[in-house]
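Please open the model in a viewer and keep the selection panel at hand. The tour below proceeds by selection, with a short account of what is found at each stop.

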Amino acid sequence: MAYNCIVLVKQVPDTAHISGKAMKDDGTVNRAALPAIFNPEDLNALEMALQVKDRYGGQVTVLTMGPSRAADVLREALYRGADRVILLSDRKFAGSDTLATSYALKCAVEHIGDYDLVFCGRQAIDGDTAQVGPQVAEKLGLPQITYAETIQSLQEGEITVQRAFPRGKETVKCALPCLLTVVSTANRPRPPSVRRMIACKLAATPLEYPALLKQWPEFETVEALDAYLAERDLKIPVWTTADIGADEENLGLDGSPTKVWKVDYVVLGTSESRPVPATHEGISALVSELIQGHIL
Amino acid sequence: MNKDKEIWIFIEQEDGEIAAVSLELLSKGRELAERLDSRVCALLFGHGIAHLSEMVISYGADIVLLADHPELASYRTLPYAKVAIDLVRERQPYILLLGATPNGRDLAPRIASAARAGLTADCTDLQIGDYRKKDRVYGDLLYQIRPAFGGNVIATIVNPEMHPQLATVREGVMRMAEPDRTRKGEIERIEPQFSARDLVLQVVKREMQPLCCDLKSASIVVSGGAGVGSRENFELLYELAETLGGQVGATRAAVDAGFVSQEHQVGQTGITVRPRLYIACGISGTVQHRAGMDQSSKIIAINSDPDAPIFQIAHYKIVGDLNEVIPWMIRAYHENAK
């Protein structure tokens, strides 16, 4: 039996290389100022979905919400084996917190319709909240399996999954459809395939057409470019609020109960700091001092 | 007494053992309740756990909402969420706090989504204060304070309009008060009703280490990073920890390199520790790691790189080879402790 999988992914700023300059005054991140990457655990989620497809058949659809340039992660998903990718993009989504984001994703997942499993990464490295997966599950009325590490079996409408925590493992059995959030130890994501890179290199969303027309002057009009891509199945659809039938008041800043009030930059420093010579004598004096100070 | 501003604490328990973070939250909840002139209400779910109510009261609860049911015997998202969501909808608490444990992080977003309330994950501090937006002032909101963007900034989040104000709080960051056995509180039994949909997931097998983690409560932590170099070299850290009566910690890099297992990981994605003494060996000091240890009373850093960022927060800087320095420390301790 084949299973249709939807994978929710996010393009994230590479938080390992962030600076205060990338923050806007309202406390949100100026994503444009940062290198953007495929959220690492979302790659594990995609890999888990691709493995389901390899084994049982079915379609893997990858959905992301973000600005025009989030199409980069969708192309990457195509290179790695996704069958279909969709960009959810609308100015009305701007400023969404996890609740508003999960509402938009829920509407889009319902719009896709036919699915057995929804996969997300456990959490995204920009917020580390791990909230969107469970919130999407709640809004879809689905059971959730967070911290999913291994699918042990998938049969007769039932999935058995091993979950991994710092303190141990748990195996659970659940009726489909359900939503899984996947941890980094689940698998080693397959690399992009060269064959698929060549085949899908031109994949683009209509939002990217103006830039592409400059790059490829042989297409004289947007229509010509659109027809060319659509014919080759390389047109990445962009869904807006209206396409997914979302209610605007649940989106963006209006639909977000949490407000970032204040952002402080982390300042390092310590009032008393002392070098200790790396010699037997130096260490011995330190240990003796710590013992006298009741620290040891 | 301001009954509109109740503070609810989700008590996480497993096999009758209450998670330390839940007790820490009761202490914090008390403090917030005094500030708001309101009361602390504990959500205690499980099976055969009624006897824990007294302990929960002694740590600061005024009311215990006790749901004792066979389907709640071990944590599962849907039945736990069902009970919590029904209670939240019916009684509309002002604040709801959960530990940022795997279960807390699984349950909290489910409640927030159903209640359409704001949720802040992994808070490291909570305060009460006002929030101004244009000409409107929202009084006595919960300031939810957390590191963000890989620990590079500290953000203060508020939920001005939609309540409850939900937050998960990192383990080990709030101080746990001494229990007061003379405290009095009310116990109210909840009789949950479950539908088949709430029970579609079953736990087949669980292999978990006990809730209480020695590393978190250790007063001395000897921690190693990528600079330790090998699993064999990590043995030296164990030896030092044993000598000093401490526990072994590690950075994510050391865990990822396979030097030591994940339950030793200190930092933003691991455990937060605040020992009396933290000895950082071969640790460069990423913000993610510092987020889990910078509250330590004293920090000794040993690193061969004099420019390692860990030295910026260390009280004692030792630039040298840990394979020499650690044996000296062990020897010096034996000599001095005689």
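**First stop: a loop residue in chain B**

Ala50(B) is partly exposed, because 14 other C-beta atoms lie within 10 Å, and that count falls between the limits of 12 or fewer for exposed and 20 or more for buried. Please bear in mind throughout that the model is predicted.

With Ala50(B) still selected, display the elements on either side of it. Ala50(B) belongs to the loop that runs between strand 4 (40-46) and helix 2 (52-58) of chain B. Next, add Leu66(B) and Asp68(B) to the selection: Ala50(B) is in contact with these two residues, when its neighbours within four places in sequence are left aside. Then select Arg189(B), which is 139 residues away from Ala50(B) along the chain; the C-alpha atoms of the two residues are separated by 9.2 Å.

**Second stop: the domains of chain B**

Colour residues 3-199 of chain B as domain 1 and residues 214-336 as domain 2, following the domain assignment. Taken over C-alpha atoms, the centres of these two domains of chain B are 33 Å apart. Where they meet, nine residues of domain 1 of chain B are in contact with nine residues of domain 2 of chain B. On the domain 1 side of this contact in chain B, the residues comprise three nonpolar, four polar and two charged.

**Third stop: chain A as a whole**

Hide chain B and select chain A. Its secondary structure consists of nine helices and 13 strands. The C-alpha atoms of chain A fill a box of roughly 80 × 50 × 45 Å along the principal axes. Chain A has 296 residues, of which 49% count as buried. Among contacts in chain A with a separation of 6 or more, 70% are between residues 24 or more positions apart.

**Fourth stop: where the chains meet**

Show both chains again. The contact between them draws 65 residues from chain A and 66 residues from chain B. On the chain B side, the elements that each supply at least two residues include helix 3 (77-91), helix 4 (102-115), strand 13 (201-208) and helix 9 (322-336). By class, this side of chain B has 37 nonpolar, 16 polar and 13 charged residues.

Finally, select strand 9 (residues 168-175) of chain A together with strand 13 of chain B. How many bridges join these two strands? They pair in the antiparallel sense over seven bridges. To view one of the bridge partnerships, select Lys169(A) and its partner in strand 13 of chain B, Glu207(B).

How values were computed: Residues are numbered from 1 along each chain as its sequence is written. Chains are lettered from A and ligands numbered from 1 in the order in which they are written. This is a predicted model: local features need pLDDT of at least 70, side-chain atom pairs count only at pLDDT 80 or more; totals for chains, interfaces and linings use all residues. Two residues are in contact if their C-beta atoms, placed from the backbone, lie within 7 Å. Helices (H or I, at least four residues) and strands (E, at least two) are DSSP runs, numbered from the N terminus. Ala, Val, Leu, Ile, Met, Phe, Trp, Tyr, Cys and Pro count as nonpolar, Asp, Glu, Lys and Arg as charged, and the others, Gly among them, as polar. Two strands pair if DSSP finds at least two bridges between them. Domain bounds come from an automatic or database domain assignment.
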